[in-house]
Amino acid sequence: MRMDLLARLAEAHGPSGREEAVAAIVRPELEAVCDRVETDPLGSLLGTRAAANGGGTPGRLMLAAHMDEIGLMVTAVDESSGFVRVIPLGGWDARTLVSQRVLVHGREPLDGVVGTPPVHVLDADARGKAPKLEDLVVDTGRSADRVRELVRPGDVVTRVRTLRTLGDLVTCKALDDRVGVFVMLEAMRAAGPSPTEVIAAATVQEEVGLRGARAAAGRVRPHVGLAIDTCPSGDGPGQKGGGTKLGAGAAIRVMDASAIGSRALVDLLESLAVERDIPHQFHVSDKGGTDTASLQLSGEGSIAGCVSIPQRYGHSSVEAVHPDDVRACIDLVAALVERVHELPRDS
Ligand SMILES: [Zn+2]
């Protein structure tokens, strides 16, 4: 696996609605494996690989992995302190934002930190309380006048991390869903010929409501849609277990709060995994959501499902995945590209 590419993707700064820096990495990768690559009006990249052999109208498989990460948007710069006030882009747990280094994407990039009062000055009551996101600010260490010159409302703020090996795992911010984008790119490279037209979509604005995939699927009108995204593993500290485990293989996502995977697609993914000896497990939950929902409900609807990379510490700066699971997901998505025509299709 090209871990250097995964690192570049995960370290890049691309919050919802501002995914350009990620797209700049993804576009040449898509161009290398597709016949043509387009950018849609929202900023999603759509790479199309023609069906391998003619004869009849080929089916259309759309893969979708989102380029955006959770981030923050500036609402104001405090008049006297110069602290930067923000609102969330996507689902944050404010506790994970405290004490983080961030980058403010102003007129020039500004390093920032999210600080809180030191423990020495907190009374017992305050020590026991979790902060609220609306109470947190970004400190860039500059005078209020200087910050106001460089930062304006609407600028975005992102987490800063480099990808690191963590024992058997790798950890970084934004693995949700840059690892999914990576799986999609590597699967397109690995897949053999397919009688199906394949559209690999690197989507935008997933974290704020699966928006980019909705527009992209409306354009593509796929027969079959497959989202590739992370899912919460059940084996982190403080968790009760159950659910997926890191290192136990690709997660075939059967259900979450946004979508129920199509039965035929879940069955095909399982049988391909068995046939090709790909380690796999199932993710079944009544929480969370992915681009699957947008793929499934676009136009007249599509057969849709999701392959997920199990992840610890989702939506934090220390998200962690197991490279063996990433490999398994690449193999499973590549298998689907080659064999998706075995699904029933009625158009
Ligand atoms: Zn995601």
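These are my notebook entries on the fold of a predicted model, from its overall dimensions to its sheets and one helix pair.

Entry 1, ground rules. I worked on a predicted model, in which local features need pLDDT of at least 70 and side-chain atom pairs count only at pLDDT 80 or more, while totals for chains, interfaces and linings use all residues. I numbered residues from 1 along each chain as its sequence is written.

Entry 2, overall. I looked up the secondary structure and found nine helices and 17 strands, where helices (H or I, at least four residues) and strands (E, at least two) are DSSP runs numbered from the N terminus. The C-alpha trace spans about 70 × 40 × 35 Å along its principal axes. The radius of gyration is 21 Å, which agrees with the value near 20 Å of a compact globule with 347 residues; the radius is taken over C-alpha atoms, and the globule rule is 2.2 Å times the number of residues to the power 0.38.

Entry 3, the eight-stranded sheet. I traced an open sheet of mixed pairing in the order S1-S2-S12-S3-S13-S16-S14-S15, two strands being paired if DSSP finds at least two bridges between them. S1 (36-39) and S15 (280-284) are its edge strands, each pairing on one side only, and neighbouring strands are turned by 25° against each other on average, direction ignored. Within this sheet I checked S14 (residues 250-255) and S16 (residues 303-311), which run antiparallel and are joined by three bridges, with Ala-251 opposite Ser-308 in S16.

Entry 4, the six-stranded sheet. I found a second open sheet, with antiparallel pairing and the order S7-S6-S9-S4-S5-S8, whose edge strands are S7 (109-113) and S8 (137-138). S4 (residues 71-77) and S5 (residues 84-89) pair over six bridges, and Ala-76 stands opposite Arg-85 in S5.

Entry 5, helix H7. I saw that H7 lies across S13 (224-232), S14, S15 and S16, running at about 50° to S16; axes are lines fitted to C-alpha atoms, for helices over the stretch in contact, and angles run from 0 to 180 degrees between N-to-C directions. H7 (residues 263-275) also packs with H9 (residues 323-339) at about 110°, the axes being 10 Å apart, so H7 is roughly perpendicular to H9 (65 to 115 degrees). Leu-269, Leu-272 and Ala-273 of H7 meet Leu-332, Ala-335, Leu-336 and Arg-339 of H9 in the contact, for which C-beta atoms, placed from the backbone, must lie within 7 Å.

Note on methods:
Angles under 35 degrees count as roughly parallel, over 145 as roughly antiparallel, 65 to 115 as roughly perpendicular and the rest as oblique. Two residues are in contact if their C-beta atoms, placed from the backbone, lie within 7 Å.
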